[in-house]
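Q: I'm new to this one. Can you put it on screen and walk me through it?

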Amino acid sequence: GTAQIGVTGLAVMGRNLARNFARNGLTVAVHNRSRSRTDALVEEFGSEGTFVPAGSAEEFVAALERPRRLVIMVKAGEPTDAVIQEFVPLLEPGDVIIDGGNAHFEDTRRRERELRERGIHFVGAGISGGEEGALNGPSIMPGGPAESYESLGPLLERIAAKAPDGTPCVSHVGPDGAGHFVKMVHNGIEYADMQLIGEAYHLLREVAGYSPAKIAETFRGWNDGRLDSYLIEITAQVLAHTDAETGKPFVDVVADRAEQKGTGRWTVQIALDLGVPVSGIAEAVFARSLSGHAELREASRSLPGPVAEPLDEAAAARFADRVEQALYASKVVSYTQGFHQIQAGSEAYDWGVDPGAVAALWRAGCIIRAAFLDRIRAAYDGRPELPSLLADKDFAAEIGAAQEDWREVVATAARQGVPAPGFAAALAYYDALRAPRLPATLTQGQRDYFGAHTYRRTDRDGAFHTLWGGDRSEVTA
Ligand code: NBP
């Protein structure tokens, strides 16, 4: 075969990824379960580069140069296993299968283990950036055996997004499921970012009394500062958009029920298993599900709330500035939590993930791309053992400067009855980490009382139990 890479699964993501490879000068074998997608790709975009269309799995494999590198871009879950089963008998030791779908990292671990026994390199690669990214440059998070990256890396570097400094947004994340794990946390952080932006919008609307157009302008202003990011940029565009049919702001005609495909939920489920507090991501997932409970919301509409206190123009502008501070501080917290999860996953599965390198991967191509990620990278580059992003002195100083406004925004939201679970959870996390003493002391007392679960003391080593039902003397457990 002559094709340097193959793509099987030519729905929107696979088709665009194949075109991206071809546009970058690679010969690309293309295949899809139903032949029509393969033909349509070659017919519509054949002139963009060199495609080798294959009608069967055998033809596809035969079209690839050795060691074969084939990208699977089909629906995650069973379809991915079905495609692997179909191809494995046709492959040889040393060949590389890349799964670019949104696989659960535990599935990736299993597939990697099974294929390793046959000498086939299985690379679970998180790919972010949606269809536009797939075509023009995604952020790519490949896991799998480090050895596979030697032949694969140079090809991926050609099609990956380029960070502002020109570096391709792809690097080997770690063994087996590391790439899909990091992609999962990326999506969780994306949920949190979107929720925080939504809360900022809601507060500007309800408390400052701003119109969607005015909020769009406010976001455009923020996008010139430290919040500079893809999500803030598109938020301004969505808010500025007018519905053609009614002439109303677009956001006023869209049903307020947020949907989700599940990667945010996965992030939270795995965080619970790892014991990592990702409250910002959890609140974002819960906020989406709450929005979808139409009956519950309908039944609660007449619950009492505070009387709105409208702000005058100057006070509204001051409040908007405060919201920017609250949004930034909460964003720092949600990245702190997300990176904590990456570090915890890396330790639990022995992946050796470099958090600074992950931040670098997200600088371009993906949904959470932002100027801010360069700062995170710098924080970890200076101190790879940094226990938490909040321990970085620059971030700590910025939050210190933001905290008064942040608290004021959370207090105002509570007073005015506007839900801001993301801002509030982020602030609670920050204050809990700062606290010299936490009420966990009381929790331990309660646990010891009802379940003899024992406790530790501040002044001596060992586990202790108080005889709560007896004379309340203390015994060593
Ligand atoms: P879909 O997730 O809609 O999957 C459609 C593709 O899967 C078609 O090529 C279809 O073949 C193939 N397929 C199915 Br379904 N079952 C199959 C089976 N049993 N055997 C062989 N092929 C099968 O495509 P997509 O939206 O392009 O997404 C592809 C992957 O990328 C997914 O894992 C998705 O989660 C991920 N994704 C990522 C992003 C992102 O931003 N990173 C965005 C969107 C999707 P057919 O044509 O014969 O039906």
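A: Start with glutamate 206: at 48% relative accessibility, it counts as partly exposed, because buried means under 20% relative accessible area, exposed over 50%, and partly exposed in between (1.4 Å probe, protein chains only).

Q: Is this an experimental or a predicted model, and how are residues numbered?
A: This is a predicted model, where local features need pLDDT of at least 70, side-chain atom pairs count only at pLDDT 80 or more, and totals for chains, interfaces and linings use all residues. Residues are numbered from 1 along each chain as its sequence is written, and side-chain values use heavy atoms, with hydrogens and water left out.

Q: OK, where is glutamate 206 placed?
A: In helix H8, residues 178–206. Helices (H or I, at least four residues) and strands (E, at least two) are DSSP runs, numbered from the N terminus.

Q: How far is glutamate 206 from alanine 308?
A: They are 102 residues apart in sequence, and their C-alpha atoms are 8.4 Å apart in space.

Q: What about H15, is it buried or exposed?
A: 27 of the 37 residues of H15 are buried, so it is largely enclosed by the rest of the structure.

Q: What does H15 reach from first C-alpha to last?
A: Helix H15 (residues 313–349) reaches 54 Å, close to the 54 Å expected at 1.5 Å a residue. The expected span is 1.5 Å times one less than the number of residues in the helix.

Q: And just after H15?
A: Aspartate 350 takes a positive phi of about 60° there.

Q: Switching topic: what order do the strands of the sheet come in?
A: The order is S3-S2-S1-S4-S5-S6-S7, seven strands in an open sheet with mixed pairing. Two strands pair if DSSP finds at least two bridges between them.

Q: Which strands stand at the edges?
A: S3 (50–53) and S7 (139–142) do; each has a single partner strand, so one side of each is left without a neighbour in the sheet.

Q: How do S4 and S5 run, parallel or antiparallel?
A: Parallel, with four bridges joining S4 (residues 69–72) to S5 (residues 96–99). Leucine 70 has isoleucine 97 in S5 as its bridge partner.

Q: Anything from UniProt?
A: Its unreviewed entry places "domain: 6-phosphogluconate dehydrogenase C-terminal" at residues 179–469. UniProt positions are given in the numbering used here, feature names are shortened, and annotations may be inferred rather than shown by experiment.

Q: How much of residues 179–469 is helix?
A: 66%, against 1% strand, and the end C-alpha atoms are 52 Å apart.
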